[in-house]
Amino acid sequence: MPGQESGCVTKRLQNELLQLLSSTTESISAFPVDDDDLTYWVGYITGPEETPYSDLRFKISLNFSQNYPFHPPKVKFLSPMWHPNVDKSGNICLDILKEKWSAVYNVETILLSLQSLLGEPNNRSPLNAVAAELWDTDMEEYRKKVLICYEEIDDC
């Protein structure tokens, strides 16, 4: 029954919101945009220390289908992002958001995985090949590109 599925998704997302609100992890956050629609959230992650993303805060969107948690949410960076596994449109190549998804994952694990990805890109599967090459060859220049993109001075 579609109504019953919707109720299960809503209950799960309400529980995840409560879990996030009680979390002590200050470098991540997420919440529904509209109290009447728990299927669209906005989240924030702070770049991990000692990475090119250190002290930068990024906005992401999370769209949950009626099949959540059995199917992953659609997650995108809304902030401009220069990263090997993120394209210009904010799409993310991360296995747990695709073929390695499991219903045990939740919003918090997604945010923590994205945060981890910032410091440990998968250069074997880049969406941005130029960023992947620069990550491997010139970290100083890579950091400059991250900042240029973050500050929207230039086209990423």
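**View 1. Helix 2, from end to end.** Helix 2 has 13 residues and reaches 19 Å from its first C-alpha to its last, which is close to the 18 Å expected at 1.5 Å a residue. Please keep in mind that this is a predicted model. At the start of the helix, look for Asn106: one of its side-chain oxygens comes to within 3.0 Å of the backbone nitrogen of Glu108. Which residues of helix 2 are buried? They are Val107, Glu108, Ile110, Leu111, Leu114, Gln115, Leu117 and Leu118. An α-helix has 3.6 residues a turn, so residues three or four places apart point the same way. You can try that idea out on the buried residues of helix 2, including Leu111, Leu114 and Leu118.

**View 2. The largest nonpolar core.** This core has 38 residues, and those with the most contacts inside it are Trp41, Phe77, Ile92 and Leu114. Many parts of the chain join in: helix 1 (2–21), strand 1 (28–34), strand 2 (37–46), strand 3 (57–63), strand 4 (74–77), helix 2 (107–119), helix 3 (129–137) and helix 4 (139–150) each supply at least two residues. Which element gives the largest share of this core? Helix 2 does, with six residues. Now pick out Leu114 and see what surrounds it: setting aside neighbours within four places in sequence, Leu114 is in contact with Ile45, Ile60, Val75, Phe77, Ile92 and Leu94.

**View 3. His83 and its partners.** His83 sits in the loop between strand 4 and helix 2. Is His83 buried or exposed? His83 counts as buried because its relative accessibility is 0%. Its side chain reaches two backbone atoms: the nitrogen of Asn85 at 2.9 Å, and the oxygen of Leu117, also at 2.9 Å. Leaving aside neighbours within four places in sequence, His83 is in contact with Tyr53, Leu117, Leu118, Pro121, Asn128, Ala131 and Tyr142.

**View 4. Cys93, a residue with a record.** UniProt, in an unreviewed entry, places the feature "active site" at Cys93. Cys93 is found in the loop between strand 4 and helix 2. With 24% relative accessibility, Cys93 counts as partly exposed. Not counting residues up to four places away in sequence, Cys93 touches Asn85, Leu117, Ser125 and Leu127. If you are hunting for disulfides, the structure holds zero. The cysteine sulfur nearest to Cys93 is that of Cys149, 18 Å away, and Cys93 is in no disulfide.

**View 5. Two positive phi values in one loop.** Most residues other than glycine have a negative phi, and most peptide bonds are trans. Glu50 goes the other way, with a positive phi near 60°. Asp55 also has a positive phi, near 70°. Where is Glu50 found? Glu50 is in the loop between strand 2 and strand 3, and Asp55 lies in the loop between strand 2 and strand 3 too. Glu50 is exposed, with a relative accessible area of 83%. Asp55 is exposed as well, at 61%.

**View 6. A cis peptide bond before Pro69.** Follow the backbone from Tyr68 to Pro69, and you will meet a peptide bond that is cis, with omega near 10°. Pro69 has its place in the loop between strand 3 and strand 4.

Key: Residues numbered from 1 in each chain as written. Predicted model: local features only at pLDDT ≥ 70, side-chain atom pairs only at ≥ 80, totals over all residues. Heavy atoms only, no water. Core = buried A, V, L, I, M, F, W, Y, C linked by side-chain atoms within 4.5 Å. Buried < 20%, exposed > 50% of the residue type's maximum accessible area, 1.4 Å probe, protein only. Helix = DSSP H or I, 4+ residues; strand = E, 2+ residues; numbered from the N terminus. Contact = heavy atoms within 4.5 Å. Expected span 1.5 Å × (residues − 1). Polar contact = N/O pair within 3.5 Å; in protein donor to acceptor, adjacent residues only side chain to side chain. Disulfide = S-S within 2.5 Å. UniProt positions renumbered as here; feature names shortened; annotations may be inferred.
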